[in-house]
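Let's walk through this protein together, beginning with its overall layout and then moving on to individual side chains. Have the viewer open as you read.

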Amino acid sequence: MKKAMIIGASIAVLLSSCVSQKKFTNLQAKQKETQDLLNSATVKLNSCLEEKASSSSQLKVLQDQVSNLKNQNSALLNNVGNLATLSTKEAENLERSLESIKEKDLQIKTMNDALNKKDSVTLALVTSLKGALGNLADEDIEVNVEKGVVYVSISDKLLFKSGSYNVSSRAREVLGKVAKVVNDKPDIEFLVEGHTDNVPIKNKVLLDNWDLSVKRATSVVRVLQKDFGVDPKRMTAAGRSYYVPVADNNSATNKAKNRRTRIVVLPKLDQFYNMIEDGMKKASEGGN
């Protein structure tokens, strides 16, 4: 009986063991399936996390770009404002420059007009002198213009005897023709210059060539004043000795060229400047 009970109990235990093993196997299978699902979910989670990190990085880049664009836009707006201000200033500067150029053009035109007027006066004077003295030989008297100044050069042999400062009778005829021209033009002034060669001279009256050149100039001035009525206020007498030659004093011919008396028509600068000032005033009034 006991043996039968033991056998029965053993069979029951065996049967019970067989059932638990089956459940265990099933549980293992479910566990594996769950583990697989967990692994798959983990992989997906990691992939999502990576995508999130990448997206966050891209978002950061885009945010930085947006911020840069905003800054650039703000800078451009400021530049536009600055350019508008700069354009206004440039326009004002350009306007001032144009006004300055206009004024300078008016000044240049006025000066050219004054110079043309002065040249016209000079040409008229030269024409009058050459017309009055045209019958004389070129070697005796010359009329020319140098740097806008009119010169009448009269040779020594026509005016004076050698070593003398007394005006010859022939020279008075020439001086009379010159006086007629200058008397017809009372607004001009002139200088009478005496020139000698380099041959020294000294006597009871003359100390040197300075003396001779000055006395010859004053002699001409006196003749113009006393004999032909030229206003003495318009004349100046000067001696240059032999220090302003027209040729080297190395021959008789050249020395004869250097012995001369020049009548220099002095430019009246005050009249010239008055012409310019009047022109400037008229130009300014016309511009306004």
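Reading along the sequence, you will meet helices and strands in the order α-β-β-α-α-β-α-β-α-β-α. That gives the protein chain six helices and five strands. Please keep in mind that this is a predicted model.

Now for the chain as a whole. Of its 288 residues, 25% are buried. The protein chain exposes about 19900 Å², and carbon and sulfur atoms supply 57% of that area. How much of the contact count comes from residues 24 or more positions apart? Among contacts with a separation of 6 or more, such residues account for 68%.

Some of these links between separate parts of the chain can be followed through salt bridges. A search of the whole structure finds nine salt bridges, and a good one to begin with joins D156 to R259, where the closest N and O atoms are 3.5 Å apart. D156 belongs to helix α2, which covers residues 156-159, while R259 sits in the loop between α5 and β5 (260-266), so this pair ties together parts that are 103 residues apart in sequence. The two partners also differ in how they are covered. D156 has a relative accessibility of 9%, and because the cut-off for buried is under 20%, it counts as buried. R259, with a relative accessible area of 25%, is partly exposed.

R259 has another partner as well. It forms a salt bridge with D197, and here the closest N and O atoms are 2.7 Å apart. D197 lies in the loop between β3 (189-195) and α4, and R259 in the loop between α5 and β5, so the pair ties together parts that are 62 residues apart in sequence. Like D156, which is buried at 9%, D197 counts as buried, with a relative accessibility of 7%. Shared partners extend the picture: D156, D197, R216 and R259 are joined by their salt bridges into one network.

For a salt bridge inside a single helix, turn to R170 and E173. Their closest N and O atoms are 2.9 Å apart. Both residues lie in helix α3 (residues 169-183), and because they are three residues apart there, about one helical turn separates them. R170 is partly exposed at 38% relative accessibility, and E173 is partly exposed too, at 42%.

Let's move on to the aromatic side chains. How many aromatic pairs does a search of the whole structure find? It finds two. In one of them, the rings of W210 and Y243 have their centres 5.4 Å apart and their planes at 35°, so the pair is tilted. This pair links distant parts of the chain: W210 is in helix α4 (residues 209-226), and Y243, 33 residues apart from it, is in the loop between β4 (235-239) and α5 (252-258). W210 is itself partly exposed, with a relative accessible area of 40%. Y242 joins W210 and Y243 to form one aromatic cluster.

One further ring deserves a look before you leave the model. K215 lies over the face of Y165, at 5.7 Å from the ring centre.

Terms used
Residues numbered from 1 in each chain as written. Predicted model: local features only at pLDDT ≥ 70, side-chain atom pairs only at ≥ 80, totals over all residues. Heavy atoms only, no water. Helix = DSSP H or I, 4+ residues; strand = E, 2+ residues; numbered from the N terminus. Buried < 20%, exposed > 50% of the residue type's maximum accessible area, 1.4 Å probe, protein only. Contact = heavy atoms within 4.5 Å. Areas by Shrake-Rupley, 256 points an atom, 1.4 Å probe, with all protein chains shown as cover. Phe/Tyr/Trp six-rings, centres within 6.5 Å; stacked < 30°, edge-to-face > 60°. Lys NZ or Arg CZ within 6 Å of the ring centre and 35° of its normal. Salt bridge = Lys/Arg side-chain N within 4 Å of Asp/Glu carboxyl O.
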